[in-house]
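Student: Got a minute to go through this one with me? I'd like to see how the two chains fit together.

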2 protein chains.
Amino acid sequence: MQISILGAGNVGLALAGALLRAGEPVTIGVPEPARHADAVAALGPQARLTTSDDAVARGELVILAVPYAAALSIAQARADWQGRVLVDATNPLAPGLAGLSLGTTTSGAEEVAARAAGARVVKAFNTTGAENLADSRYAQGRPMMPVAGDDAAARQQVLALAARLGFDAVDMGPLSAARYLEPLAMVWIHLAFRQGQGRRFAFARMTRG
Amino acid sequence: MQISILGAGNVGLALAGALLRAGEPVTIGVPEPARHADAVAALGPQARLTTSDDAVARGELVILAVPYAAALSIAQARADWQGRVLVDATNPLAPGLAGLSLGTTTSGAEEVAARAAGARVVKAFNTTGAENLADSRYAQGRPMMPVAGDDAAARQQVLALAARLGFDAVDMGPLSAARYLEPLAMVWIHLAFRQGQGRRFAFARMTRG
């Protein structure tokens, strides 16, 4: 399979390096190949550097590793992608990593907070199934439990509570982070029910030194 | 700390059981306590069953373990929550677990697909940092890599590719699941940058038999 990567930023180069180590030659396409000659040469002889158009032409599987706005332009620039697999590795990030620029407009937690006068609302215990809430033990480690809230003291109380229940309590900061935690719950729900994986799994955070 | 749980469904009872095992007495509040007497009695003598109003009155920390619509009503029903910590464990689920009923309207991947005529768009490689894309090895296990796309064959190709790169490739089904995968990316980005945890972590899926 001919794999092309559009973009030679940190995501594109990271994927290219990993693919090459897995034995997949890659073609990297950028608007101005000369600017990226050194970085691509460092990947070794199995990495080909060319223009974006040429990389698309050669690729059976094309990975978009460019900023989101560029991904939209690239997607629209061709009249027909002719059945190519187009892997979207982008995220519609707002400037300053402030959030997603589309698709997330509010959260249940913020709606609750807007109605709960005088409450210090904290989002927690929403991202995993009831079996995991009842019993957090996994042989591989502790399930993660993200906690978000605007009141720091309240958030710390709930983080401590989650830790007492055996979770890897993860401080997400402001309540608006519930915009990402409710979709994280949907990842779990979607896998458990719509993808038929059942309920005996949990998400964890792994770290390396 | 006096902990009250509103709701005696599977989430409420799961949390109550776990809290009791951790040595925290709990008060469970429901609209009709008599209907839940057996389930709460089964939790043991440290579980108190009462009305929702009484549970709120007693609780310093109140956990909403009810359907989302009920959470909104409960939040609004009190003129002043008097500084209580209100833990929102709900999710604004659409009927049939079809998705979130608010806050997720589209995704970058769907916008790309709308523009990429003739392409078989797959969402992947967007949910973790470039370091993890470059090198997926963790002592604790394999990082997960969720993959979403409407074309089954294309999705399988990308799942296989993710597995070759050392990931736990997770089949998310349709491209619309990118509505949850882009926020999942934001969980990573938010922790790495806004919460200052750095980039040396990854999410994993743990299972139990």
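**Where the chains meet**

Tutor: Sure. Keep in mind that this is a predicted model. Strand 9 (residues 201–207) of chain A and strand 9 (residues 201–207) of chain B run antiparallel, with seven bridges joining them.

Student: Which residue of chain B does Met206(A) stand opposite?

Tutor: Look in strand 9 of chain B, since the partner lies there. The residue facing Met206(A) is Ala202(B).

Student: How much area is buried between chain B and chain A?

Tutor: Start with who takes part: 115 residues of chain B and 115 residues of chain A are in the contact. Carbon and sulfur atoms give 62% of the buried area. The area itself is about 9,300 Å².

Student: How many salt bridges are there between chain B and chain A?

Tutor: Over all chains, the structure holds 23 salt bridges. For the count between chain B and chain A, the cut-off is a Lys or Arg side-chain nitrogen within 4 Å of an Asp or Glu carboxyl oxygen. One of these bridges pairs Asp88(B) with Lys123(A), at 2.9 Å from N to O. The count between the two chains is four.

Student: Which helix of chain B gives the most to the side that touches chain A?

Tutor: That side of chain B has 14 residues from a single helix, the one spanning residues 178–194. The top contributor is helix 8.

Student: And how many residues on that side of chain B are nonpolar?

Tutor: Set aside the 28 polar and 22 charged residues on the side of chain B that touches chain A. The nonpolar ones number 65.

Student: How many residue pairs are in polar contact across the interface?

Tutor: Here both residues of a pair need pLDDT 80 or more. With that rule, the interface of chain B and chain A has 43 pairs.

Student: Why does the pair of Asp88(A) and Lys123(B) join two chains?

Tutor: Their side chains form a salt bridge, 2.8 Å from N to O. Asp88(A) sits in strand 5 (residues 85–88) of chain A, while Lys123(B) belongs to strand 6 (residues 120–123) of chain B, so the pair links two chains. The elements involved are strand 5 of chain A and strand 6 of chain B.

Conventions:
Residues are numbered from 1 along each chain as its sequence is written. Chains are lettered from A and ligands numbered from 1 in the order in which they are written. This is a predicted model: local features need pLDDT of at least 70, side-chain atom pairs count only at pLDDT 80 or more; totals for chains, interfaces and linings use all residues. Side-chain values use heavy atoms; hydrogens and water are left out. Contact means heavy atoms within 4.5 Å. Buried area is the accessible area (1.4 Å probe) that two parts lose on being put together, summed over both. A polar contact is a pair of N or O atoms within 3.5 Å; within protein, one must be able to donate a hydrogen and the other to accept it, and residues adjacent in sequence count only if both atoms are side-chain atoms. Helices (H or I, at least four residues) and strands (E, at least two) are DSSP runs, numbered from the N terminus. Ala, Val, Leu, Ile, Met, Phe, Trp, Tyr, Cys and Pro count as nonpolar, Asp, Glu, Lys and Arg as charged, and the others, Gly among them, as polar. Two strands pair if DSSP finds at least two bridges between them.
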